[in-house]
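Colleague: I'd like a close look at one part of this model, in plain words, please. Could you then walk me outwards from there?

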Amino acid sequence: MSGIEANFDGLVGMTHHYAGLSMGNEASMTHRGQQSNPRKAALQGLMKMKSLSDMGLVQGVLPPQQRPNLPALRQLGFTGSDEQVLSKAVQYSPLLLSNLSSASSMWTANAATVSPSADSADQRVHFTVANLNNKLHRSLESTVTARVLEAVFPDQACFAHHDPLPQHGDWGDEGAANHNRFCGEYGEAGVQLFVYGRSALQEGTAPKRYPARQTLEASQAVARLHQLEAAQTVFAQQNLVAIDSGVFHNDVIAVSNRNVFFHHQQAFVNQQSVLAELEKKMVRLGQKLIAVEVPSSQVTLQDAVGSYLFNSQLLSQPNGDMMLILPEECRQNANVWAYLQALVAGADSPIKKLHFFDLRESMRNGGGPACLRLRVVLKEQELAAVNQAALMTPELYQRLTSWVERYYRDSLYTADLVDPQLLNEVYFALDELTQILKLGSIYEFQR
């Protein structure tokens, strides 16, 4: 077995709510203050995981984080019982409590950047936890994310875990959402594409309307940590117009699988040079890059952002054919739907099949199919070293579905976050979940 690409999806947390916390993410900002349904959100995510597992793909599960984040609130000086801490926090600032109750860890494409052993000098799979320092609610995730990844990928002979980069804007790192890898077979050496929005230490251009969350320097640091050679890496800047149109991460405008690159015409600065460098470095590995570029004349940036066409998962089926895992919104956009129909009908298209999923709860908060998953390329012995309790099976799906239906609410507004009963529900649920997934004491309330 030369290798497989596993997808580890994040379970939607019990405090999933629409707070509009993510400046630059237009879906997040648009749905601010609306009613959410955490139970439906979690069940929608689980159904996607089960469906991919049923297709013969390796699918894993990553847990949500403890929210509301009581340890962070206490660190900020709110004292007393848990109930008193929540009450004082909401009196001080409902927005602060919302930030510290965000379920954003569900989008595990931002959990870390992952490099497979075939690319790394020490022949181990490398994980660098993202610092996510552009947004308060996300910057608080890295400590628990590190514990989760170490619990799911525990074998130090196979896996190398790196701390987040320094918590400063110059080292802003958003994880795998700004990272793609190209290869022949998954277990063979590949070329890694690191995408950034601005440079912190060099003169250059930056977007004007929305923030550039990833810096060139952060991407370069991750490549060094993962022991990658220059011949294996390409660094590309996001198109600034795209960022200002709502393309807050590269995975909103481009996605890859093996040697296929599905991307928009306005994805990068100096796009043809980026593609030429990728192609040249792939040729050195004996591989041919297949670039599927979607023209602006058929799908505008607004179409791409509104439908999340490129926040799809591009996957290889067990028979080798490639398919797209798409949100239902892509069928509802006339331009996107017309393009997709023509794409799979094309005789030379490397993409043969489309699968659509209802992920509206996540989509309304700004995260599509690709946001929900972290890709991890594994060789046979590495897959065997993964915590097997975190891999999707029919039995695990049934157990997690029952768990969600038992604990999750079917309605949540931002004002509900102060409810101390919600906090108790979270404690009981997460304690049981750590036992289901055999994660150990990853949460502070267990310590």
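Let's start at Cys371: leaving aside its neighbours within four places in sequence, which residues is Cys371 in contact with?

Modeller: Quick warning before the answer: this is a predicted model, where local features need pLDDT of at least 70 and side-chain atom pairs count only at pLDDT 80 or more, while totals for chains, interfaces and linings use all residues. Residues are numbered from 1 along each chain as its sequence is written, and side-chain values use heavy atoms, with hydrogens and water left out.

Now to Cys371. With those sequence neighbours set aside, Cys371 is in contact with Met106, Trp107, Thr108, Ala109, Asp251, Asn311 and Gly366; contact here means heavy atoms within 4.5 Å. You'll find Cys371 in the loop between helix 14 (360-363) and strand 15 (373-378). Helices (H or I, at least four residues) and strands (E, at least two) are DSSP runs, numbered from the N terminus. Cys371 is buried, with a relative accessible area of 3%. Buried means under 20% relative accessible area, exposed over 50%, and partly exposed in between, using a 1.4 Å probe and protein chains only.

Cys371 also turns up in a record: an unreviewed UniProt entry lists Glu174, His249 and Cys371 under "active site". These three span 198 residues in sequence, yet no two of their C-alpha atoms are more than 11.4 Å apart, so they gather at one spot. UniProt positions are given in the numbering used here, feature names are shortened, and such annotations may be inferred rather than shown by experiment.

Next stop, His249. His249 sits in the loop between helix 9 (240-244) and strand 9 (254-257), and His249 is buried too, at 2% relative accessible area. If you skip residues up to four places away in sequence, His249 touches Asn110, Glu174, Ala177, Asn178, Arg213 and Gln238.

Glu174 and Asn178 lead us on to Gln214, which touches both of them. Gln214 belongs to the loop between strand 7 (191-196) and helix 8 (216-225), and Gln214 is buried as well, with a relative accessible area of 4%. The side chain of Gln214 makes a polar contact of 3.2 Å with the side chain of Asp173, and there's a polar contact of 3.2 Å between the side chains of Gln214 and Ser219. A polar contact is a pair of N or O atoms within 3.5 Å; within protein, one must be able to donate a hydrogen and the other to accept it, and residues adjacent in sequence count only if both atoms are side-chain atoms.

Another buried polar residue to look at is Ser307, with a relative accessible area of 1%. Ser307 is part of helix 11 (residues 301-307). The side chain of Ser307 has a polar atom 3.3 Å from the backbone nitrogen of Leu309. Asn333 is 26 residues from Ser307 along the chain, but their C-alpha atoms are separated by 6.6 Å. Beyond residues up to four places away, Ser307 touches Pro327, Glu329, Cys330, Asn333, Val336 and Met363.

Cys330 is touched by Leu340 too, along with Leu309, Leu324, Leu326, Leu354 and Phe356. That takes us to the largest nonpolar core, which has 108 residues; Leu193, Phe262 and Leu340 touch the most other members. A nonpolar core is a set of buried Ala, Val, Leu, Ile, Met, Phe, Trp, Tyr and Cys residues joined through side-chain atoms within 4.5 Å. There's a second, separate core of 15 residues, including Leu73, Ala89, Leu417 and Leu423. In soluble globular proteins, nonpolar side chains tend to be buried together.

Finally, a few backbone oddities. Most residues other than glycine have a negative phi, and most peptide bonds are trans. Leu132 has a positive phi near 50°, and Leu132 is buried, at 2% relative accessible area. Lys438 has a positive phi of about 55°, but Lys438 is exposed, at 63%. The peptide bond between Arg67 and Pro68 is cis, with omega about 5°.
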